[in-house]
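Trainee: I've got a new structure to read, and I'd like to take it piece by piece. Please bring it up so we can start.

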Amino acid sequence: MTAQPDALISQQAISEEIEKIHADRRAGDDQPRLGFPPYRSTLLRHPTKELRHVDPEGAELVAPVFGHSDVGALESDLTIQRGGEPIGERILLRGRIVDGDGRPVRRQLVEIWQANAAGRYIHKGDQHPAPVDPHFSGVGRCLTDDDGCYSFTTIKPGPYPWRNHRNAWRPAHIHFSLFGTDFTQRMVTQMYFPSDPLFALDPILQSIPDQSARDRLIATYEHDLSQHEWLMGYRWDVVLTGSHTTPMEQKNDHV
Ligand SMILES: [Fe+2]
């Protein structure tokens, strides 16, 4: 019997695969599994050999170097970048980048990219039938302040379909990239919004077997961050080391 094309595999079959893997999870299973069969494309592209360590000094010769003057204050406001107001729910997203002891990670470059309110990216790889918003690029960046805080004003992204299986939808999310002190320390992850009904169905979020680790990727609504008749506030902190480390991707494929 030949295998079914992925587009015909049902959500129920994918959910059963996820459940089986989670039932076998091990203690400390709190980072994404690189080869996670329900997330189909990981099967062919996840690393199967030991990672090769690059010479950090050599990498620095071609790596970007960011100083305070390189990142403009307006780059953290994705609602004013394109000469008009983007459609959607305006939000403020704020949080701290800290190490395992709660110490602030200062002057770190934080980059985000996301779909628009309709769930569409401005990217030739995204051609699904939802509108592009001419007033929304979906990318922003900032440096953390003395307290390790970052802050973005943006539009709440919509969920979007992908071709992992039949009727597959990604929960609304924002991609984050964090640079350490050099290019080789870049970390990439995704942040989600609370109470999304798609969490349990999503093979990417579920590739992290540990529930409490998955929860670390979910922002909280914070009423004190909301502004009267203007926007809703969300908070999401990132922990870089220790037992409460935020789960991070270890690949360059960001769906
Ligand atoms: Fe995405």
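Trainee: Which residue in β8 stands opposite Phe 176?
Mentor: Start with the strands, which are DSSP runs of E with at least two residues, while helices are runs of H or I with at least four, and both are numbered from the N terminus. Strand β7 (residues 173-178) runs antiparallel to β8, joined to it by six bridges, and two strands count as paired if DSSP finds at least two bridges between them. In this pairing, the partner facing Phe 176 in β8 is Thr 189.

Trainee: What pLDDT do local features need in this model?
Mentor: Residue numbers start from 1 along each chain as its sequence is written, and side-chain values use heavy atoms, leaving out hydrogens and water. The model is predicted, so all residues go into totals for chains, interfaces and linings, side-chain atom pairs count only at pLDDT 80 or more, and local features need a pLDDT of at least 70.

Trainee: How many of the residues of β8 are buried?
Mentor: "Buried" means under 20% relative accessible area, "exposed" means over 50%, and "partly exposed" is in between, with a 1.4 Å probe and protein chains only. Strand β8 is largely enclosed by the rest of the structure, because its buried residues number five of the six.

Trainee: And β4, which residue there stands opposite Gly 95?
Mentor: β4 is another strand largely enclosed by the rest of the structure, because six of its seven residues are buried. It pairs with β1 in the antiparallel sense, over seven bridges. Opposite Gly 95 you'll find Tyr 150.

Trainee: Over to α1: what arc do its buried residues cover?
Mentor: The buried residues of α1 are Gln 11, Ile 14, Ile 18, Ile 21 and His 22. Take the directions from the helix axis to the C-beta atoms, since that is how the arc is defined. These residues sit on the same side of α1, because their arc is only 100°.

Trainee: Which exposed residues are on the face turned away from that buried side of α1?
Mentor: The buried residues of α1 have cover that includes α4. The face turned away from them carries the exposed residues Gln 12, Glu 19, Lys 20 and Ala 23.

Trainee: What relative accessible area does Pro 38 have?
Mentor: Pro 38 sits in the loop between α1 and α2. Leaving aside residues up to four places away in sequence, it touches Ile 14, Glu 17, Ile 18, Ile 21, Asn 164 and Pro 203, where contact means heavy atoms within 4.5 Å. Pro 38 counts as buried, and its relative accessible area is 0%.

Trainee: How many residues apart in sequence are Asp 30 and Arg 216?
Mentor: These two form a salt bridge, with 3.9 Å between the closest N and O atoms; the term means a side-chain nitrogen of Lys or Arg within 4 Å of a carboxyl oxygen of Asp or Glu. Both Asp 30 and Arg 216 are buried. Asp 30 is in the loop between α1 (11-23) and α2 (42-45), and Arg 216 is in the loop between α4 (211-215) and β9 (220-221), so the bridge ties together parts whose separation in sequence is 186 residues.

Trainee: Are Asp 202 and Arg 170 buried or exposed?
Mentor: Their side chains meet in a salt bridge at 2.8 Å, N to O. Asp 202 is in the loop between β8 (187-192) and α4, and Arg 170 is in strand β6 (residues 168-170), so you might wonder how covered they are. Both Asp 202 and Arg 170 are buried.

Trainee: What is the phi of Arg 107 near?
Mentor: Arg 107 lies in the loop between β1 and β2 and is partly exposed, at 42% relative accessible area. Its side chain meets that of Asp 146 in a salt bridge (2.5 Å, N to O). Most residues other than glycine have a negative phi. In Arg 107, phi is positive, near 55°.

Trainee: What about Glu 229, what is its relative accessibility?
Mentor: Glu 229 is in the loop between β9 and β10 (232-235). It has a positive phi of about 55° although it isn't a glycine. Glu 229 counts as exposed, with a relative accessibility of 73%.

Trainee: Last one: how many salt bridges does a search of the whole structure find?
Mentor: Some share partners, and Asp 99, Asp 101 and Arg 103 are joined into one network that way. For the whole structure, the search gives twelve.
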